[in-house]
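The following paragraphs lead the reader through selected features of a structural model. They are best read with the sequence and the coordinates at hand.

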Amino acid sequence: MPSVEEEQYEAPGSPVPNGFGIPSPAAPCPPNRPEDIHRIVETVDRYNPQNIPVLESYVEEQMERDVYDRDACLAVLKLYQFNPTFNNIEVVTNILGLALGALPDPDFNLCLYMLNEDILTDNSVEKLIHLHHLLEQAKFQEFWAYLNTTEGARDLVAKYLHFDRRIREYASVTVGIAYQAIEKERLGEYLALEGVDLDQWIAEKGWNVDKDSKLVNLPISKENQARPVIVQESIKFEQLTKIIGYGRLTQ
Amino acid sequence: MYQEPYDEDEVRADEVELPTVYAGDEYAEEEIDYQTEGLPAFAPEIQIPELVRNFILHFHRNVTERNVWDLHAIYENGWNKLTEKFYPKTAWPDPEAIAGLVNDDPVFLILYKELYYRHIYSKMTPTIEDRIASYSNYCDLFNYILNSSTEPSDLELPNQWLWDIIDEFIYQFQSFCMYRSKVKNKSEIEIELLKERPDVWNVHNVLNVLYSLIQKSRINEQLLVSKNGGDMLEAAGDFGSRPLYRLLGYFSIIGLLRVHCLLGDYVLALKTMENVELNKKGLFARVTACHVTTYYYVGFAYMMMRRYSDAIKAFAHILLFVSRTKQYHTRSYQFEAISKKSEQMYALLAMCVALSPQRIDENVHTTMREKYGEQSMKMQRGEEGLPTFEELFNFACPKFISPVPPDYEVAVNASHEPTRHQQRIFMAEVRTQLLVPTIRSFLKLYTTLGVEKLAAFLDLPVDEVRTQLLVFKHKTRQRRYESGSVLEGDFGPTTDLDFYLKQDLIYIAESKQGRRVGEWFIRHINKFEDIVSNMEKRHE
C-alpha cells in the first residue's frame, strides 16, 4: 500500500492521483481572467511551484492592463509562503501596489498576513506599508507628497500604469461618502490634481461645480446623507410557538 | 437595523446530535458482562486489566459488525471512562500488545492507534517518535479510506468520531509546526530525525489529505445539488453516497477553513466554504464541536478582513446557540473545549463591537458585558485601549503556524512568531481607527456641528479633524454578507450614527431602536407557564 507521504512528496503540486483539475462549478471565472490562470487558481494546481512563472507574469499583465485579480495575486503569495526559496521581492512589491489600488477593500493587509516576517522589513515593502498607512488614514496630501518626493517610492509602482488613477478613485469614493459639497481646492489636494486636470476629473465623475467654481457638489447617495431611523422590533412567528403550544395544552 | 441572516433556519438543540446523550452508568455495569468466554489463549507482556481487555474485545466486535450505535457508546463513554479509571496519566496498552486480542485486524488497529495517540497528545507530552508514528497512522487510515480499493469501504463510524479524526489530524499538524520551530530546546537526535523526515506533517501532505477527502466524497458537487437541485445520487457517486465519505469530505471543508486561517490566508479560508450555506442548517450543525469550530473560524476570518459586522453576526449566532444548549454540553467530554472556544469568541466579539459598535442579541450582550465589560470600556479609549486589544487578540486568536520548517542550525524558539506577525498587522489596522469611538461620542450630542468646533473639542488642528471624519466614514463602511457564498458582500455603512458634510458643517443623524418589549414579554410568559405547569404537576 503506497503511503500518502511518498506519493505526495515527489509531486508536491498535484497531489491527488485522480485529479482535481477542474475548477469547481461554483467558481465562476472573473471577467478578464485567462482560462489557464483560472484553472491554476481554482484547483489544487495552485500549490504547484511550477506555476510560479505563469502567475508572476500574470501579475505584470495586471499592472499593465489595469485589471486586478485578487485571488491570483494571493495564490502567488501562497506559493512563496510554502516555498520561500522562490520568493521574489519585486513581484511582492508589485502585488502590494495592486492591492493599494484595490482600496477601500482591505486587500493590502490580506497580503501582509501571508508574507514572511522578514519581507516586512525589506526597504521597498516598508515604503509601501507607509503609503498604505497614509491611505487608510485618509491622509491624501501626505500620501501624494511621500509618493512623489521620497526616493524610490515612485519606482515601486512605476509599472502599474493606472496606479494614480486607482488611488484617485479611492479618494473620490471616500470623499463621496462623506461630503455633499466640498471646496474644489481641497478636493484638488486630495486628488493631487489642479487646473484642467481637476476639471476633467470632475467632469468625468459627473460632479457639479458651483458658478463661482469654488464648490463641488457631489451626487447624493445613500451613503452621504444621514436620516434618523427608528428601528422597531419585529417578533417572528417562531418566537411565539411555545406560547401557542401552551394555549393548545390548556384547552 | 440589526438583522440576523444566519439565524433564519435556527438549529434547534433537540435536533442536534449532541455528544454523550447516553447514560454512562448503565454502560459501566454492563461492561463486566462482555463475553469473557472464548478468549484467545494469549499472554500479553503488558498487564492489561480485565475490564480493558473485555472492552477492547467488545470494541473490536462492534467495529467488525459495523454496529454504529454501539460504537457511539464505546467511543464517547466506554473509552473515556476507562481512561479516567486506568490511564489518566499513562498511555493505553501498546497497540502491539492488543494486536493478539483482535487477530491482528489491521483496520481495527489503525482505529485503535488513532485513539491511542490522541490520548497521548491530550494527557501526556508526545515524544518525536509518537508524533511520527501518529502521522504514519493517519496516513494508513486515509490510505485505507481513499486508496485501498476501487470500491468504497463499508466502514461506519459515529459522526462525532469522524469529526474528531479531522480535528485531531489538524491539531497534531499544528502542534508539530509549533514543536519543530522550537529549535533551541531540541537535542541533536531530535534535529537529526526532523531533518531525515521532512515528509512528516508536511503542509502539502496535510492539505493533500483534506483535498483528497473532499474530492473523493464529491462533497462540493453534493452541496451544489442540495442548493440548486439535481440528482443527488449521481452527484455523490459510489463513495460520496456513503456516510463515511460524505461526512469526512464535509468535515475536510471545515478542516481546510481552519488550516487556511492558521496560515493567515483568510480569503482562501472563506473561499473553501463557498458551497456551504451558513444560513441553512448544514451538516456542520450535526456535531456541536464542528458547529462551534465553523463559526469561530468564519468569524475570525471576517474580523481579519475588516468585516466586523459579519464577524459579530457569526460570533453572536454561535454564542447564542451554545448558551441555549448549555445543559447538553456539560455532560459532554468536549465541554471544556467548547467553553474555552466560547470564552475566546466573547473576547473577539467584544473587540469587533468596540471597532464597529452595533446592537447585538440581548442575552449575548449581557454575557459579553459580564465577561469583558471592563475591557470593552478600555477599548473605546483610543491609545489607552491598545494594550487591551493586544491582550484579547492573543488570548482569542488561533495559534498560527509557519508552513515551512525552521533553519535547524539556528538555535532559537520561533513558535510564537507567526502569531506575533498576525497580531502586529491587525494592531496596525486598529491603530488607524483609534479616534473613531471618540468622534462618535461627540457627534452623538449634536444634529449639526461645525468642524472647527469639533476640532476645539478634540484639541486637534482643523485639517486633522477633516481627515479623521473621512477615516470615520471609511472605517465604518464595510462589506456585509447579503446572500450567496460567505465571501460575498456589498459595501454599506455599519454604524447607527451617520453623518455627512457640507463643506465644514457636519449633519448628524442617529438611528434609534424603538422600545423592545416583545422579547421580554415572551420570556416572562414562558416562565410563568412553566411555573404554572410545575405547580399543576405537583398538585396531581
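In this predicted model, Phe176(B) and Tyr179(B) both belong to helix 7 of chain B, which spans residues 159–180. The two residues are three positions apart, about one turn of the helix. Their rings form an aromatic pair with a centre-to-centre distance of 6.0 Å and an angle of 40° between the planes, an arrangement classed as tilted. Phe176(B) has a relative accessible area of 3% and is therefore buried. Tyr179(B), with a relative accessible area of 11%, is likewise buried, because the cut-off for that class is under 20%.

Aromatic pairing recurs elsewhere, with a count of 42 aromatic pairs over all chains. In chain B, one aromatic cluster includes Phe55(B), Phe59(B), Tyr75(B), Trp79(B), Phe86(B) and Tyr87(B). Trp92(B), Phe108(B), Tyr112(B), Tyr116(B), Tyr117(B) and Trp161(B) also belong to that cluster.

The wider setting is the fold of chain B, which contains 24 helices and six strands. Of its 540 residues, 58% are buried. Among contacts in chain B with a sequence separation of 6 or more, 73% join residues that are 24 or more positions apart.

How are two packed helices described? The description rests on the angle between their axes and the distance between the axes. In chain B, the axes of helix 17 (residues 335–355) and helix 18 (residues 362–379) come within 9 Å and cross at roughly 55°. Helix 17 and helix 18 of chain B are therefore oblique to each other, and their crossing is right-handed. On the side of helix 17 of chain B, the contact is made by Glu343(B), Tyr346(B), Ala347(B), Leu349(B), Ala350(B), Met351(B), Val353(B) and Ala354(B). Helix 18 of chain B contributes Val364(B), Thr367(B), Met368(B), Lys371(B), Tyr372(B), Ser376(B) and Met379(B). By residue class, this contact comprises 11 nonpolar, two polar and two charged residues.

Several residues of that contact reappear around Phe389(B), which lies in helix 19 (residues 386–396) of chain B. Setting aside residues up to four places away in sequence, Phe389(B) touches Met351(B), Ala354(B), Leu355(B), Met379(B), Met427(B) and Val430(B). The C-alpha atoms of Phe389(B) and Met351(B) are 6.8 Å apart in space, although the residues are 38 apart in sequence. Is Phe389(B) buried or exposed? Its relative accessible area is 3%, so Phe389(B) is buried.

A further helix pair in chain B consists of helix 21 (residues 436–443) and helix 22 (residues 451–458), which pack at an angle of about 120° with their axes 11 Å apart. This angle makes helix 21 of chain B oblique to helix 22 of chain B, and the crossing is right-handed. Thr438(B), Ile439(B), Phe442(B) and Leu443(B) of helix 21 meet Leu454(B), Phe457(B) and Leu458(B) of helix 22 in this contact. The contact residues of helix 21 and helix 22 of chain B divide into six nonpolar, one polar and no charged.

In chain A, Thr93(A) is found in helix 5, which covers residues 89–101. With a relative accessible area of 5%, Thr93(A) is buried. Leaving out residues up to four places away in sequence, Thr93(A) touches Ser124(A), Val125(A), Leu128(A) and Leu156(A).

Terms used: Residues numbered from 1 in each chain as written. Chains lettered and ligands numbered in written order. Predicted model: local features only at pLDDT ≥ 70, side-chain atom pairs only at ≥ 80, totals over all residues. Heavy atoms only, no water. Helix = DSSP H or I, 4+ residues; strand = E, 2+ residues; numbered from the N terminus. Buried < 20%, exposed > 50% of the residue type's maximum accessible area, 1.4 Å probe, protein only. Contact = heavy atoms within 4.5 Å. Axes fitted to C-alpha atoms, helices over the stretch in contact; angles between N-to-C directions. Parallel < 35°, antiparallel > 145°, perpendicular 65-115°, else oblique. Left-handed = near helix turned anticlockwise from the far one by under 90°. Nonpolar A, V, L, I, M, F, W, Y, C, P; charged D, E, K, R; others polar. Phe/Tyr/Trp six-rings, centres within 6.5 Å; stacked < 30°, edge-to-face > 60°.
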